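Visitor: Please take one part of this model and look at it closely. I would like the details first, then the setting around them.

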Amino acid sequence: MTHIHPTQAAEFWEARYQGGGPVWSGRPNPLLVREVSDLEPGTALDLGCGEGADAVWLASRGWRVTGVDISRTALERAAGHAVEAGVGDRVRWERHELGVTFPEGSFDLVSAQFLQSPVPLDQDTVLGMAADAVAPGGTLLIVLHAGWPSWQEEAPFDVEFPTLAGLLAALSLPEESWTVETRETVRKPSVSPKGVEGYRDDHVWRFRRTGH
């Protein structure tokens, strides 16, 4: 198992992004696309934006986006991708170690895609802060892995995977102020580095803030 001290979080992710070429595919997360395409563009906060694929996609759809990540290298790459896509003026990039610092303001959309990693992260606190950052009438979108891929024989690091009901309980969003619009497990194909075909399950929650 990999065990990383919290003070090493920034160093871990900086090393990950400085280790070579692109870390991610450069395409927006499919569940983000599915859940957000029907929303009226406004202001958006992309937590853990990485190299910026989601933020750039949102900006291309008319959103004004704040992209947040712990890695300066990731943010530099993301900014470059936004300029290349012609939306550099629609995205602001901020470095935060979530759980320690958090962006100011409120947003019509707050997106947290796969905030899971070998680095210790107070996920409940971060997602609670994400909910607090949603403006009245806005949307909170959370997507998390529900478990390891079917072909994964040994867990590469310690992680507690959420359940659909467990995350709802952890967030404790007041029913009079929030509506659950999506709560679903989605299975997608997954192929191992050695070519073994399998699948991986992801959970998706979409909440609408109906009150203050």
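Guide: What follows is a close look at one helix pair, then the whole chain, then three single residues. Keep in mind that the model is predicted.

Start with the helix pair. Helix α1 covers residues 9-18, and helix α4 covers residues 72-84. The two pack with their axes 7 Å apart. The angle between them is about 45°. Angles under 35 degrees would count as roughly parallel, and 65 to 115 as roughly perpendicular. The pair is therefore oblique.

Which residues make the contact? From α1 come Glu14, Tyr17 and Gln18. From α4 come Arg72, Thr73, Ala74 and Arg77. By class, the residues of this contact divide into three charged, two polar and two nonpolar.

Now step back to the whole protein. It has six helices and seven strands. Along the sequence they follow the pattern α-α-β-α-β-α-β-β-α-β-α-β-β. The radius of gyration is 17 Å, close to the 17 Å of the globule rule for 212 residues, so the protein is as compact as a globular protein of that length. Its C-alpha atoms fill a box of roughly 45 × 40 × 35 Å along the principal axes.

Contacts and surface come next. Take the contacts with a separation of 6 or more: residues 24 or more positions apart account for 71% of them. Of the 212 residues, 45% count as buried. The protein exposes about 10,900 Å², and carbon and sulfur atoms supply 50% of that area.

Arginine 206 is the next stop. It sits in strand β7, residues 197-209. Is arginine 206 buried or exposed? Its relative accessibility is 11%, under the 20% cut-off, so arginine 206 counts as buried. Leave aside its neighbours within four places in sequence. Arginine 206 is then in contact with Glu35, Asp38 and Leu39, with Thr139, Leu140 and Leu141, and with Thr179, Val180, Glu181 and Thr182.

Two loop residues close the tour, both picked for backbone geometry. Most residues other than glycine have a negative phi. Phenylalanine 114 is not a glycine, yet its phi is positive, about 60°. This residue lies in the loop between β4 (107-113) and α5 (123-132). Serine 172 is not a glycine either, and has a positive phi of about 50°. Its loop runs between α6 (164-171) and β6 (178-191). At 54% relative accessibility, serine 172 counts as exposed.

Terms used. Residues numbered from 1 in each chain as written. Predicted model: local features only at pLDDT ≥ 70, side-chain atom pairs only at ≥ 80, totals over all residues. Heavy atoms only, no water. Axes fitted to C-alpha atoms, helices over the stretch in contact; angles between N-to-C directions. Helix = DSSP H or I, 4+ residues; strand = E, 2+ residues; numbered from the N terminus. Parallel < 35°, antiparallel > 145°, perpendicular 65-115°, else oblique. Contact = heavy atoms within 4.5 Å. Nonpolar A, V, L, I, M, F, W, Y, C, P; charged D, E, K, R; others polar. Rg over C-alpha atoms; globule rule 2.2 N^0.38 Å. Buried < 20%, exposed > 50% of the residue type's maximum accessible area, 1.4 Å probe, protein only. Areas by Shrake-Rupley, 256 points an atom, 1.4 Å probe, with all protein chains shown as cover.
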